[in-house]
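Let's walk through this one together, from the domains down to single strand pairs. Have the sequence and the coordinates open side by side.

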Amino acid sequence: MNTNTKLQTDMEKIDMATDIAVIGGGYIGLKAASRISESGYNVILAPQHNDTDLNFSILDVPLTEMDRIKALETEVANNTNVEILPMSTLVEAKGVPGDFTLKFVSADTVLEKKAGAVVVATDTAVNPLNHIYGLNPAPNVVSLSEFENLLASEETKKEIQNNEKTVAFLVGFAHEGSPLLMKRVLNSVSELVGMDGCSAYVYVNNIKVADDGLERLYKQCRDNGTIYFKLQKAPTIIQENENLSVTFHDPVIRNDIELNPDIIVYEESLIADKTNLSLAETLRIDPGPMGFLQKENVHRLPVNSNREGIFVVGSARDVQGLSKSWIDVDNMVLRVKQLIGDGTKSISTKAVVDREKCTICLTCYRCCPHGAISWDDKAIISSLACQGCGICASECPMEAIQLIDFTDAEMTERIKEAAAVEAPNAPKIVAFCCQNSAYEAGMAAKAFNYELPAGLQLIKVPCAGKVDIHYILDALVEGADGVLVLACHHGNCKSESGNTYAQWRINDAYRKLAQIGIEKDCLEFATLASNMANDFARIVIDMEKRIGQKKD
Amino acid sequence: MKAKNVMIIGGGIAGMTAAWELAEAGLNVDLVEKSGFLGGHAIQYTCKATAECLQCGACSVEKMLKDVVGNDKINVLLSTEIENIEKNNGYSIKIKKSAAFIDGKKCTNCGICFDKLKENEVIIQGYSKNNAPLYAVNREKIDENKIALKDVCPEGAISVSDKASYEDLTADAIVVATGFDPFNPERKGTYGYAKFSNVISGLELERIKRQSGFPARPSDGQAAQKIAFIQCVGSRDENLGNLWCSQVCCPYALRTAESLKHKNPDLDITVFYMDIQNTGKSFPEFYETCKNDIRFIRSIPVDIFPAENDNLNMRLFDEAQGTTTMETFDLVVLSIGIMPNSENEKLSTQMDIALDADGFFKNSEGLNKTSTSNDDIFIAGTAQGPKNIAASMAHAGQAASGVLKYLGVTK
């Protein structure tokens with residue numbers, strides 16, 4: 001390889017702020033603050049306005065643990081390494097990993113804080129689902145949370161017991177639910193059937209038992225007298241003042257069964273904190289399904305967001321109880337240590353901006369999926385935040401950005417070399433392969449001796465989003481009979497949108513080829529995974545067959 | 001200060017993740033794996049993508065394996081078992097190296113041993129190209145193949161001795177990541193597993209898909225057209241005393257069914273189940289898609305009988321009709337559950353840490369499920385209880401975090 005096509009690799013020494021900001025003052029936020037401080041960092045803990053819906057999440061915790069969890073409040077309050085801000089809202093977040101500037105508004109005051117990393121630890125909220133059953137809340141028609149409160153107070157619990165109440169629980173008809181909700185229901189059921197004279201009917205769709213100990217709890221409740229009715233759709237319910245009636249059709253005995261419970265407990269859903277979306281916007285991280293934060297991208301560890309240095313834990317990212325949230329917190333601590341270390345880091349530059357060429361159009365800022373780009377009078381790429389995908393380099397209209405490991409000059413040369421390789425009697429195929437998926441799959445296909453086209457040449461790219469349209473056209477001009485752009489499956493791109501950019505460029509290339517009368521068969525876009533040598537072999541052989549036939 | 005040393009027992013996804021995390025934090029790691037390959041069960045799984053990624057996590061195992069193999073702080077010990085563990089200011093551990101193994105430093109992955117000894121089944125191939133070496137000696141076939149093994153490798157990479165060898169190692173902390181045993185479906189005799197060739201386990205379907213790219217029937221290699229998945233085989237089974245949900249089988253069956261349908265929309269797929277468990281945070285939406293593509297029957301079939309052309313007749317309860325009917329499938333996939341590793345008992349005695357009522361390792365604290373009654377021993381992954389790939393990785397991260405806290409490794 002020609003050495004002068006390679007850019008000088010710079011090592012950059014970076015000093016980072018070692019204070020870590022935790023957003024959310026519920027128990028998950030407190031646990032995060034506690035664990036981060038144990039690891040030697042100072043913490044800025046910023047409680048959000050509504051960190052109050054906490055009682056439910058404690059319910060997935062054994063009673064023996066309650067004191068320890070509550071002790072977190074005093075522990076963190078007395079921890080001199082944790083600065084607790086007043087109740088506030090995050091309104092601005094600027095900067096890069098190791099150097100974020102956060103602005104919080106609390107009442108009339110604005111607080112500005114520097115942080116090396118940010119942890120989002122918001123809580124969930126409870127959403128009653130009585131309307132889906134057509135039920136009106138009443139003393140004998142209560143939500144799961146309300147029933148939990150009835151059992152928690154000695155007085156109301158006694159009332160239920162003395163009146164030997166029969167309670168019907170409705171679960172899984174208004175929404176699919178989760179093991180966490182199922183656990184709450186079963187905990188209440190278990191307590192109820194333990195009270196002499198009381199009985200429980202559970203009308204349930206899918207019983208969500210996919211968590212430790214739940215199947216056992218489910219069976220225990222049954223052995224203690226709980227009756228489960230497993231139905232595909234909600235029973236018919238009639239609520240007339242004091243009188244309640246629940247009816248369903250039993251498919252085995254082919255008859256309707258009606259029961260008249262004293263109390264109906266309807267289900268709730270656990271929903272994302274309503275501040276999540278504005279936090280996502282302020283922090284420029286991706287929102288995910290149903291108001292929880294970040295997309296489910298298996299290329300990232302679950303606590304990582306699309307931006308380096310911003311982590312999402314516990315119920316901020318999914319319906320999770322405290323036990324699972326603690327797992328997130330511990331994983332987040334590992335990521336903080338890995339990123340911030342002792343506060344200084346030498347890091348190699350992944351991409352450089354040619355300040356002569358940059359016209360500060362900010363295309364790069366908009367397309368960077370990792371929020372790694374800022375600007376002074378020209379664009380600046382943070383070495384810590386940059387993941388080296390190269391989407392910016394390919395999108396820059398001024399060609400002002402070069403990746404250190406994949407410069408345009410280097411790529412052009414590589415394409416020329418690949419297209420020049422002659423295989424007798426076989427079409428020449430140049431495959432641009434994302435290093436995270438297709439390249440791995442291709443190497444696996446070679447290692448496992450899959451039959452591959454004789455004229456196949458792989459060109460490794462950091463992400464399919466780095467395949468410029470002129471790479472494709474160059475390959476064809478240089479003599480390739482076919483060009484493949486092989487990317488990760490949708491939703492599986494490490495850089496979120498690299499595969500989408502690649503597909504757009506292929507479509508663009510099709511139009512250009514059509515203009516000069518070249519058929520689109522010579523170019524193909526496909527997605528595959530790193531562990532699928534079989535898929536790789538199939539895709540490249542299919543192309544060989546197709547263009548081979550044309551050639552003959 | 002001398003870098004601390006941690007031993008990790010088990011080289012599946014949990015063990016690999018714990019090893020990588022600890023190495024990233026600057027510790028030295030001995031990663032002990034009984035078999036000839038890293039990756040455990042998780043590396044055997046294929047991608048489940050349709051037009052989009054379904055978050056099965058199989059590719060993240062591939063990535064982790066690559067990172068672990070390339071990490072010089074991780075000393076990978078394959079074909080190695082724990083013989084004895086002694087606690088004395090940390091741990092002294094005697095490890096036992098198999099009588100025959102392939103030396104990774106000499107092996108060139110040429111595959112000559114695999115090709116030449118194919119008949120003997122004494123050389124097995126790894127599932128991933130990142131397995132180093134790519135081949136291993138099948139422990140069960142060593143004795144009758146010692147001579148053949150000695151001569152086959154041109155590089156002299158296959159070490160064959162009369163008996164196992166031993167070595168002493170030390171560790172400041174231990175992570176137990178010994179994973180699970182898949183349920184043996186022969187125990188559910190009425191399904192005819194091992195009797196009817198087209199009744200297979202989910203793990204076997206994975207191997208078939210990896211090999212052929214489509215659901216080839218073992219009996220004739222033809223693509224199956226009508227497939228049944230039976231859920232909860234070995235899990236949630238009171239008669240067997242297995243009072244747990246394996247947590248991975250519903251996501252496995254749903255994602256597999258969807259990805260098979262994506263490749264062949266004409267496939268007819270039925271899932272027999274008790275309760276469908278969630279796949280992830282996009283579950284409600286995904287489940288709706290599944291309901292359009294797959295027939296769901298809430299009933300676990302009683303038994304399976306052979307039919308013509310190696311097809312299978314299944315008796316099932318039809319809720320709509322309220323009667324029992326018979327239906328024919330050409331491939332039946334048993335979603336086998338996660339069972340405690342059969343060696344858990346031995347290890348729990350060796351390390352003096354408890355097992356729970358189900359035979360998994362018991363965590364000593366209510367909320368942190370990686371802690372044991374020994375403050376320098378941690379559990380990671382399915383050794384503690386059923387988990388999917390992502391949950392195993394996260395649990396292993398928590399175990400690594402616990403190790404760092406215990407050893408006083410801060411920023």
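Before any domain distances, a word on where the domains come from: their bounds are taken from an automatic or database domain assignment. Keep in mind that this is a predicted model, in which local features need pLDDT of at least 70, side-chain atom pairs count only at pLDDT 80 or more, and totals for chains, interfaces and linings use all residues. Residues are numbered from 1 along each chain as its sequence is written, while chains are lettered from A and ligands numbered from 1 in the order in which they are written.

Start with chain A. The assignment splits chain A into domain 1 (3–11 + 348–403), domain 2 (17–123 + 273–342), domain 3 (127–270) and domain 4 (408–551). Pick out domains 1 and 4 of chain A: their centres, taken over C-alpha atoms, are 25 Å from each other. Their contact takes 13 residues from domain 1 of chain A and 15 residues from domain 4 of chain A, where two residues are in contact if their C-beta atoms, placed from the backbone, lie within 7 Å. On the domain 1 side, the elements giving two or more residues are α11 (391–395) and β24 (401–403) of chain A. Those labels follow DSSP runs, numbered from the N terminus: helices are H or I with at least four residues, and strands are E with at least two. The largest share of that side, 3 residues, belongs to α11(A). By class, the domain 1 side has 5 nonpolar, 7 polar and 1 charged residues. Here Ala, Val, Leu, Ile, Met, Phe, Trp, Tyr, Cys and Pro count as nonpolar, Asp, Glu, Lys and Arg as charged, and the others, Gly among them, as polar.

Now zoom in on a helix pair in chain A. Helix α1 (residues 27–38) of chain A packs against α3(A) at an angle of about 55°, with the axes 9 Å apart. That angle makes α1(A) oblique to α3(A); angles under 35 degrees count as roughly parallel, over 145 as roughly antiparallel, 65 to 115 as roughly perpendicular and the rest as oblique. Axes are lines fitted to C-alpha atoms, for helices over the stretch in contact, and angles run from 0 to 180 degrees between N-to-C directions. From α1(A), the residues A:Y27, A:L30, A:K31, A:A33 and A:S34 meet A:I69, A:L72, A:E73, A:E75 and A:V76 of α3(A). That contact has 6 nonpolar, 1 polar and 3 charged residues.

Chain A also has an open sheet of 3 strands, ordered β14-β15-β16, with antiparallel pairing. Two strands pair if DSSP finds at least two bridges between them. At the edges sit β14 (236–240) and β16 (255–259) of chain A, each pairing on one side only. From one strand to the next, the twist averages 15°. Strand β15 (residues 243–250) of chain A is joined to β16(A) by 5 bridges, and A:T247 has A:E258 as its bridge partner in β16(A).

What does chain A offer to chain B? In the contact, 62 residues of chain A meet 56 residues of chain B. Helices α3 (63–77), α7 (214–223), α9 (322–340), α13 (438–447) and α16 (533–551) of chain A each supply at least two residues of the side that touches chain B. With 11 residues, α9(A) gives the most to that side. By class, the chain A side has 26 nonpolar, 19 polar and 17 charged residues.

Over to chain B, which the assignment divides into domain 1 (5–98 + 164–179 + 341–406) and domain 2 (183–338). The C-alpha centres of these two domains of chain B lie 30 Å apart, and the contact takes 15 residues from domain 1 of chain B and 19 residues from domain 2 of chain B.

Chain B has a helix pair to look at as well. The axes of α1 (residues 13–24) and α2 (residues 58–69) of chain B come within 10 Å and cross at roughly 50°, which makes α1(B) oblique to α2(B). The contact is made by B:I13, B:M16, B:T17, B:A19 and B:W20 of α1(B) with B:V61, B:M64, B:L65, B:D67 and B:V68 of α2(B).

Finish with the sheet of chain B: 5 strands form an open sheet in the order β13-β20-β14-β15-β16, with parallel pairing. Both β13 (199–201) and β16 (295–297) of chain B stand at the edges with a single partner strand, so one side of each is left without a neighbour in the sheet. The twist averages 25° from one strand to the next. Inside the sheet, 5 bridges join β14 (residues 226–233) to β20 (residues 331–336) of chain B, and B:F229 stands opposite B:V333 in β20(B). Helix α5 (residues 202–212) of chain B lies across β13 and β20 of chain B, running at about 120° to β20(B).
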